[in-house]
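Please consider the structure shown below, which the following paragraphs examine from its pockets to its salt bridges and overall build.

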Amino acid sequence: MPNTLDQLLAANRKFVENLPLEFASPTPLSSKPNRRLALFTCMDTRLVSFLEPALGIRRGEAKVIKNAGNSITDSFDATIRSLIVAIFELDVKEILVIGHLNCGMAEANSEQLKTRMIDRGIHPAAIKVVEEELEKWLDQFHHPEDNVEKVAARIRSSPFIPRDVPVHGLIFDPHTGEIQVVVNGYESF
Ligand code: ZN
């Protein structure tokens, strides 16, 4: 039985041999998103190959940043850094924060995570160092909608994000594909 990596590599060889037409562009795509969009969303598996088509976004059109629960916990975290690159190096002009219904982060809590980490051999001293951050991150996530609102506001008020970049907040239904607007970025300039 081939292991996971072997399975993936076998799939890759087949894929490259018969590259689907949609990916076989005669001219290479630019790394700059041609619709000038950045999406910041959750790593949830149900969003893969579903969220972008549900918004009419195709390959080459948007930067996509993901993490668990599309969360931002401090003023210069990895997402803010990625957005800075997206805006100042890659011409992004509009940001969409997209949470989703049934986000697993609403169920997560720092106590449970810490216990599971320790059970798997993570050193308690290492956890102690990030304990406060873990709590700030996991224990304040109760509703995906509230989180989207909070995160959009955090990006909007970041000293590193220009005022002329609208920041929208949306909620995606991972079953129906429907989008609801939580924050209309054009109204919150
Ligand atoms: Zn999620």
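In sorting pocket residues by class, Ala, Val, Leu, Ile, Met, Phe, Trp, Tyr, Cys and Pro are taken as nonpolar, Asp, Glu, Lys and Arg as charged, and the others, including Gly, as polar. The model under discussion is a predicted one. With this scheme, the lining of the second largest pocket comprises four nonpolar, three polar and two charged residues.

The residues in question are Asn67, Ser71, Ile72, Thr73, Asp77, Val130, Glu133, Leu134 and Trp137. They surround a volume of about 150 Å³. Helix H5, which spans residues 124–138, is the element that gives the most to this lining, with four residues. Where does the second largest pocket lie with respect to the domains? Domain 1 (30–103 + 143–189) and domain 2 (104–140) both give residues to its lining, and the second largest pocket therefore lies between them.

The largest pocket holds about 210 Å³ of space. Its lining consists of Glu22, Phe23, Ser25, Leu29, Arg58 and Arg59. By class, two of these residues are nonpolar, one is polar and three are charged.

Attention now turns to charged side chains that pair with one another. Seven salt bridges are found in a search of the whole structure. In one of them, the side chains of Lys32 and Asp91 meet at 3.4 Å, N to O. This pair links distant parts of the chain, 59 residues apart: Lys32 belongs to the loop between helix H1 (4–17) and strand S1 (37–42), whereas Asp91 belongs to the loop between helix H3 (78–88) and strand S3 (94–100). Lys32 is classed as partly exposed because its relative accessibility is 35%. Asp91, with a relative accessible area of 26%, is likewise partly exposed.

A further salt bridge joins the side chains of Arg35 and Glu61 at 3.3 Å, N to O. Arg35 sits in the loop between H1 and S1, and Glu61 in the loop between helix H2 (51–54) and strand S2 (62–67), so this pair ties together parts that are 26 residues apart in sequence. Is each partner buried or partly exposed? Arg35 counts as partly exposed at 42% relative accessibility. Glu61 has a relative accessible area of 14% and is buried, since the cut-off for that class is under 20%.

The side chains of Glu111 and Lys114 also form a salt bridge, at 3.1 Å, N to O. Both residues lie in helix H4 (residues 110–119); because they are three residues apart, about one helical turn separates them. Lys114 has a relative accessibility of 7% and therefore counts as buried. Glu111 and Lys114 also belong to a network of salt bridges that includes Lys128, Glu131 and Glu135.

These local features can be placed within the chain as a whole. The protein chain has six helices and five strands, which follow the order α-β-α-β-α-β-α-α-α-β-β from the N terminus on. Its C-alpha atoms fill a box of roughly 55 × 50 × 35 Å along the principal axes. Of the 189 residues in the protein chain, 35% are buried. Among contacts between residues at least 6 apart in sequence, 72% join residues at least 24 apart.

Methods
Residues numbered from 1 in each chain as written. Predicted model: local features only at pLDDT ≥ 70, side-chain atom pairs only at ≥ 80, totals over all residues. Heavy atoms only, no water. 1 Å grid on protein atoms, 1.4 Å probe; cavity = no way out; pocket = protein on both sides within 12 Å on 5 of 7 lines; lining within 4 Å. Points joined across faces, edges and corners; volume = space filled by probe spheres on them. Helix = DSSP H or I, 4+ residues; strand = E, 2+ residues; numbered from the N terminus. Domains from an automatic or database assignment. Salt bridge = Lys/Arg side-chain N within 4 Å of Asp/Glu carboxyl O. Buried < 20%, exposed > 50% of the residue type's maximum accessible area, 1.4 Å probe, protein only. Contact = heavy atoms within 4.5 Å.
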